[in-house]
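Please open the model in your viewer and follow the stops below in order.

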Protein chains: 2
Amino acid sequence: MPITTPRTLSGFMELLPPEQMKFEKIKSIIEGSFRKFGFTPLDTPVIESSEVLLAKAGGETEKQIYRFTRGDTDLSLRFDLTVPLAKYVAAHAGELTFPFRRYQIGKVYRGERAQKGRFREFYQCDIDIVGDGELSVINEAEIPAVIYSTFSELGLAGFVIRMNNRKILSGLFEALGISGKSADVMRVIDKLDKIGADAVQKLLTEEEGLSADTARELIAIIQSNDTTALDSIAAKSETLAEGLSELNAVLTNLRAFGVPEENFRVDLTIARGLDYYTGTVYETTVTAHPEIGSVCSGGRYDNLAEYYTKRRLPGVGISIGLTRLFYTLNEYGMLSEELSTAPSFVTVIPMTEDFSHAIAAATEIRALGVPAAIDFEAKKVKAKLSAASKLGVPYVIFIGEDEIAQNGVTVRDMANGSQFTAGLAVVSRGLSDKYEEQLRQKPIK
Amino acid sequence: MPITTPRTLSGFMELLPPEQMKFEKIKSIIEGSFRKFGFTPLDTPVIESSEVLLAKAGGETEKQIYRFTRGDTDLSLRFDLTVPLAKYVAAHAGELTFPFRRYQIGKVYRGERAQKGRFREFYQCDIDIVGDGELSVINEAEIPAVIYSTFSELGLAGFVIRMNNRKILSGLFEALGISGKSADVMRVIDKLDKIGADAVQKLLTEEEGLSADTARELIAIIQSNDTTALDSIAAKSETLAEGLSELNAVLTNLRAFGVPEENFRVDLTIARGLDYYTGTVYETTVTAHPEIGSVCSGGRYDNLAEYYTKRRLPGVGISIGLTRLFYTLNEYGMLSEELSTAPSFVTVIPMTEDFSHAIAAATEIRALGVPAAIDFEAKKVKAKLSAASKLGVPYVIFIGEDEIAQNGVTVRDMANGSQFTAGLAVVSRGLSDKYEEQLRQKPIK
């Protein structure tokens with residue numbers, strides 16, 4: 001038979017079992033956290049009609065889309081979870097209860113140039129709160145509060161949710177009389193982090209035609225991150241005043257949500273997709289590695305589904321780029337080594353030909369919710385112990401003639417080799433307690 | 001702005017929130033059950049190189065595949081989870097511990113003709129145990145035991161795992177001297193359920209050229225489902241003897257696993273993909289609706305990855321067709337109406353302008369793992385109660401001036417409208433207990 005080399009496409013993450021276990025742990029904590037905040041799960045198709053999916057897309061995104069024809073149907077793979085949400089809410093608005101709080105965790109596809117840390121298939125973990133006609137600004141504080149709670153549960157302490165409000169930037173341009181140039185000015189401002197204030201000053205005056213004073217004032221205000229400095233000019237722009245008021249409401253409520261000061265920060269340089277976001281915008285950086293960019297971004301929008309419906313659906317959402325986040329955490333050694341990655345918490349090794357005692361023991365342990373495997377193979381005990389050890393299984397149970405005679409089991413702690421014999425009920429309860437402890441392990445150190 | 005009608009492709013399941021909650025509940029019970037038996041999660045890409053994915057495929061399957069070109073790469077969407085498993089194990093055999101016990105729950109794609117209850121995108125929930133060179137027959141009992149345990153946890157009582165052993169059929173053909181025609185005979189035998197014994201007898205004699213006696217004997221043996229009748233002719237075929245011995249080992253161990261007699265049954269008519277399975281084969285029928293066919297099928301194979309490696313990798317696996325199962329349960333009214341489908345277990349309704357007490361209350365409730373939402377919208381309490389009721393939220397908490405003054409909260413049981421005021425700690429604990437109860441609800445009735 002001819003052999004085809006088994007390979008996985010480049011840009012597609014495929015993990016070995018221990019890494020997959022860590023990935024699943026992170027995914028499940030994220031999902032659990034979203035659930036706790038009352039978001040309802042959604043699961044839209046990976047394939048959509050191109051006409052529907054690309055109603056809005058254009059530019060870079062469209063080039064990256066996996067698009068193909070089947071029969072005479074033009075199909076595309078989803079490239080994010082926001083467009084499918086817009087489609088869904090527009091199609092089912094009459095059947096939903098608003099505000100509609102949904103989460104979706106799923107794979108999306110972008111045919112980017114393959115490079116280290118960039119994936120063509122990757123998980124996004126999205127939450128959105130969508131209103132029908134209107135939506136309170138408080139939701140713009142709740143969204144980062146969910147992210148704070150989620151990252152904390154993961155064990156990630158060093159992160160900052162950086163926030164701005166699009167109305168502040170638009171209003172500031174208004175106040176400075178440069179509204180007409182806002183898109184271009186924004187593009188230049190966006191480079192502040194990379195090229196510095198002097199270079200930006202030069203670009204703004206020489207290329208965008210701003211006066212030296214205006215450029216200097218703009219840079220100073222934005223770099224100051226001091227919203228009180230903006231209060232004095234808020235009278236010049238209603239939009240600016242509104243942006244400042246919203247930002248203050250968000251900050252106040254973020255504190256009420258218990259988000260510590262070190263985990264959020266106003267950053268007036270953050271703009272994000274000018275044409276979509278209309279209020280608060282978020283980017284999240286990992287303190288130890290700002291160079292990896294934002295691992296969680298989003299914002300407020302006034303009209304989720306304008307391409308699908310005339311109904312006005314304002315909302316706010318955020319997305320964790322899970323595949324990239326996981327890759328980064330792994331690369332930088334930020335995943336906990338203590339996190340158990342074994343498929344079972346205990347492996348039962350039968351020492352007699354009759355497996356019924358081993359099966360009964362595993363069944364009782366599983367009934368307590370503890371993952372238990374039985375090694376049925378015709379191998380020596382030493383080989384079985386070695387397999388369990390290789391998998392990182394924390395405990396092994398032996399059941400031989402002696403144990404059966406004593407109506408007990410022998411349990412071995414694989415960490416130190418200590419073992420003892422006791423009744424199954426006692427051992428099961430002990431394992432269950434230890435397993436509960438393990439479940440509380442945080443995946444990020 | 002031009003409006004594109006928001007629609008979802010036919011053959012793609014997209015659920016409303018209450019149904020999605022039920023679907024997720026079922027999926028999560030299946031996953032939890034697989035985990036308890038010590039299977040490790042795997043997550044392979046949806047897109048694979050066509051050369052790799054189709055190394056083995058052919059016939060009907062190949063026609064149904066979503067295949068397309070991007071750049072100069074020939075790509076296909078996975079049509080099952082077995083081929084990706086074979087690829088994975090072949091590629092990583094040196095890094096895995098055998099027996100390799102993995103589960104994978106994911107979407108697969110088949111461009112079938114769209115019809116009621118048939119989906120082009122559907123979830124498969126697979127477990128496989130793969131050995132390196134050899135694998136004990138006991139695993140062929142464990143696999144249906146996992147399914148029994150899983151379906152029981154779902155609340156599905158009326159189901160039968162029907163089993164056969166391919167060696168029994170092959171051996172029987174040998175014993176009857178019709179080995180040369182086994183593929184054709186098998187195809188005819190497979191119709192027994194549909195066209196009956198007389199029609200099968202006719203086909204076997206007139207089209208396959210069997211003698212009337214041989215045809216009659218074959219049909220009688222298969223229909224009897226009586227393996228003891230086979231013992232007498234087992235001497236004529238080593239394969240038959242081996243098949244009988246394996247089947248007996250599986251049955252004995254199934255009982256040791258605690259699977260009740262009513263949930264499994266030998267069915268000598270079951271064949272399944274002759275070219276792949278080599279030992280025990282399974283099909284699972286829902287007793288109340290046998291017409292929907294098998295909802296969970298699989299079997300033993302001797303060579304998982306022969307297209308990718310010379311390493312012999314025998315295994316046994318089974319797959320739950322979750323999307324179809326869910327669709328069927330829903331259609332036949334077999335899903336529990338009592339199962340809560342609300343996104344939150346409690347909704348906090350702040351009655352003051354200051355939301356901090358509401359936020360603090362929700363935070364404390366969430367800390368106990370209970371999903372809590374806060375209704376921040378600028379609406380009347382009546383409208384908020386009505387929204388919570390529409391979502392099926394079991395409890396609502398009010399926090400107004402009185403509650404704040406008393407340092408308590410008012411909790412309302414939405415089922416009967418009763419309400420009382422108490423300290424938050426007491427209320428949280430009570431809600432947590434009730435929520436634990438809800439978590440134990442079974443999705444199938």
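What is the mean pLDDT of chain A? Select chain A and colour by pLDDT, the predictor's confidence in each residue from 0 to 100: the mean is 93, and 98% of the residues of chain A reach 70 or more. This is a predicted model, in which local features need pLDDT of at least 70, side-chain atom pairs count only at pLDDT 80 or more, and totals for chains, interfaces and linings use all residues. Residues are numbered from 1 along each chain as its sequence is written, while chains are lettered from A and ligands numbered from 1 in the order in which they are written.

Next, select residues 17–331 of chain A as domain 1 and 346–439 as domain 2, with bounds that come from an automatic or database domain assignment. The centres of these two domains of chain A, taken over C-alpha atoms, are separated by 49 Å.

Staying in chain A, select helix α7 (residues 182–189) and helix α8 (residues 192–206), whose axes come within 8 Å and cross at roughly 135°. α7(A) and α8(A) are therefore oblique to each other, that is, at an angle outside the ranges under 35, 65 to 115 and over 145 degrees. Show the side chains where A:Val185, A:Val188 and A:Ile189 in α7(A) meet A:Leu192, A:Val200, A:Leu203 and A:Leu204 in α8(A).

Finally, show both chains, for which the predictor gives the complex an ipTM of 0.95 and a pTM of 0.96. The contact takes 75 residues from chain B and 75 residues from chain A, counting residues as in contact if their C-beta atoms, placed from the backbone, lie within 7 Å.

Key. Two residues are in contact if their C-beta atoms, placed from the backbone, lie within 7 Å. Axes are lines fitted to C-alpha atoms, for helices over the stretch in contact, and angles run from 0 to 180 degrees between N-to-C directions. Helices (H or I, at least four residues) and strands (E, at least two) are DSSP runs, numbered from the N terminus.
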